[in-house]
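Reader: I am in my first year of study and would be grateful for a close look at a single part of this structure. Could you please take one sheet and its surroundings and explain what is found there?

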Amino acid sequence: MKNRIKIGFIISLTIILLNISITVFAQDTITKMIETRETIDVNSFEQELEENGTTYIYSGYEKINTIPETKEQVYTSEERIVNSNTKEYLDSQFESTYFYEDETFKGDLKLKDYNVQEMDNGYQEIIDSKYIYYNNLPSNDLEQIDKTRVIQGKEYVLINVNWSASNSLYIDETKVPIEYNGKALYQCVIKENNPKTYKVQAIYEGKVTSKIVNLSYLLTYTEVENEEPIIEKEENHIIPILIITGGLITIGNLKLLTSKNATIYNLQKDTLVKLKAKRIKEGSVIDLTNCQNINGNNFVLVIKDSSYSKLRGKKVLIQLNNQRKELVLLSHKIGFKF
């Protein structure tokens, strides 16, 4: 509100004192953006352009700092066959980071998860043997021995019996067994599953950065003005001096109070198209969501020289729809992408 009062007062005072309207003329310029991967000779820049019947001559250039493009990247490793699927074991088998690189991007990715698939390794058949002891049998006849036995739910088949005398008598001085112990061997074919193994792939995620960083040159061309003959006549120079002085004071104050110190451009076919201008400070958000003339994903933030010294090293945010880009102001012209 105070600024508005000051502005109104300055304008009113100037008009009253000078009783004249002031028109400020600025020489028209156009800009052209060149992107290249290699440093180019500035002498090779086109020296003259013609746009809509108007001729412009080359008046200078400036390099623009371009922020490398970044993106989220997921990488899945090759399969490995391992003997356990516990996280501790898998962590010991895979690296915690993976260096990703392709033709365009590179960067370190962090281990996030695993794809684990249990493998069916089949089974093998083995013969399991069990011994059953029969004691103090009246004879060593196999009829006394079970031909099959169920042990732990599995049926075992009698294979043979080893007999030994458990009690004997001497008849006519001959030792004759009268009771027997039998050691019976039973066997069963058992299927055992082979040890489990696992197919595992490690999943890595992270941000990668473009390997290619283009050099950007912002060329400026100034309109060539047609010279007109100068007609000399005697004039009163006091009034023009007052007009110019008052006008400059007014313009200076207006500029100081209302000027926008940051402008966002969109690079379209080597031409910078203005999207939005705004007065910014540290932490300001420049929202491009409602800009209708965006074409492509190359943008340039230009900070006025008069404001850059105060903003150097500060952070600003650029908003486009649901995307937000944080820029650190290390140059008064910064190229960036979403």
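Author: **A three-stranded sheet and its surroundings**

The secondary structure of the chain comes to four helices and 20 strands; helices (H or I, at least four residues) and strands (E, at least two) are DSSP runs, numbered from the N terminus. The model is predicted, so local features need pLDDT of at least 70 and side-chain atom pairs count only at pLDDT 80 or more, while totals for chains, interfaces and linings use all residues. Residues are numbered from 1 along each chain as its sequence is written, and side-chain values use heavy atoms, with hydrogens and water left out.

Of the 338 residues in the chain, 28% are buried. Buried means under 20% relative accessible area, exposed means over 50%, and partly exposed lies in between (1.4 Å probe, protein chains only). Contact means heavy atoms within 4.5 Å; among contacts between residues at least 6 apart in sequence, 70% join residues at least 24 apart.

The part chosen here is an open sheet of three strands in the order 16-18-19, with mixed pairing. Two strands pair if DSSP finds at least two bridges between them. Strand 16 (285-287) and strand 19 (323-328) stand at the edges; each has a single partner strand, so one side of each is left without a neighbour in the sheet. From one strand to the next, the twist averages 20°; axes are lines fitted to C-alpha atoms, for helices over the stretch in contact, and angles run from 0 to 180 degrees between N-to-C directions.

Strand 16 and strand 18 run parallel and are joined by three bridges. V285 has L317 in strand 18 as its bridge partner. Strand 18 and strand 19, in turn, run antiparallel and are joined by six bridges. V316 is placed opposite L327 in strand 19, and L320 has Q323 in strand 19 as its bridge partner. Strand 18 and strand 19 form a hairpin with two residues between them, and N321 in the turn has a positive phi of about 55°. Strand 18 is mostly covered, since five of its six residues are buried.

Strand 18 also leads to the nonpolar core. A nonpolar core is a set of buried Ala, Val, Leu, Ile, Met, Phe, Trp, Tyr and Cys residues joined through side-chain atoms within 4.5 Å. The largest one has 20 residues, and I264, L288 and L301 have the most contacts inside it. At least two residues of this core come from each of strand 14, strand 17 (299-303), helix 4 (305-311), strand 18 (315-320) and strand 20 (333-336). In soluble globular proteins, nonpolar side chains tend to be buried together. Leaving out residues up to four places away in sequence, L301 touches residues including I264, I286, V316, L327 and F336.

Strand 14 (residues 262-268) also contains Q268, which counts as buried because its relative accessibility is 19%. A polar contact is a pair of N or O atoms within 3.5 Å; within protein, one must be able to donate a hydrogen and the other to accept it, and residues adjacent in sequence count only if both atoms are side-chain atoms. The side chains of Q268 and N266 are joined by such a contact of 2.7 Å. A polar atom of the Q268 side chain also lies 2.6 Å from the backbone oxygen of N293.
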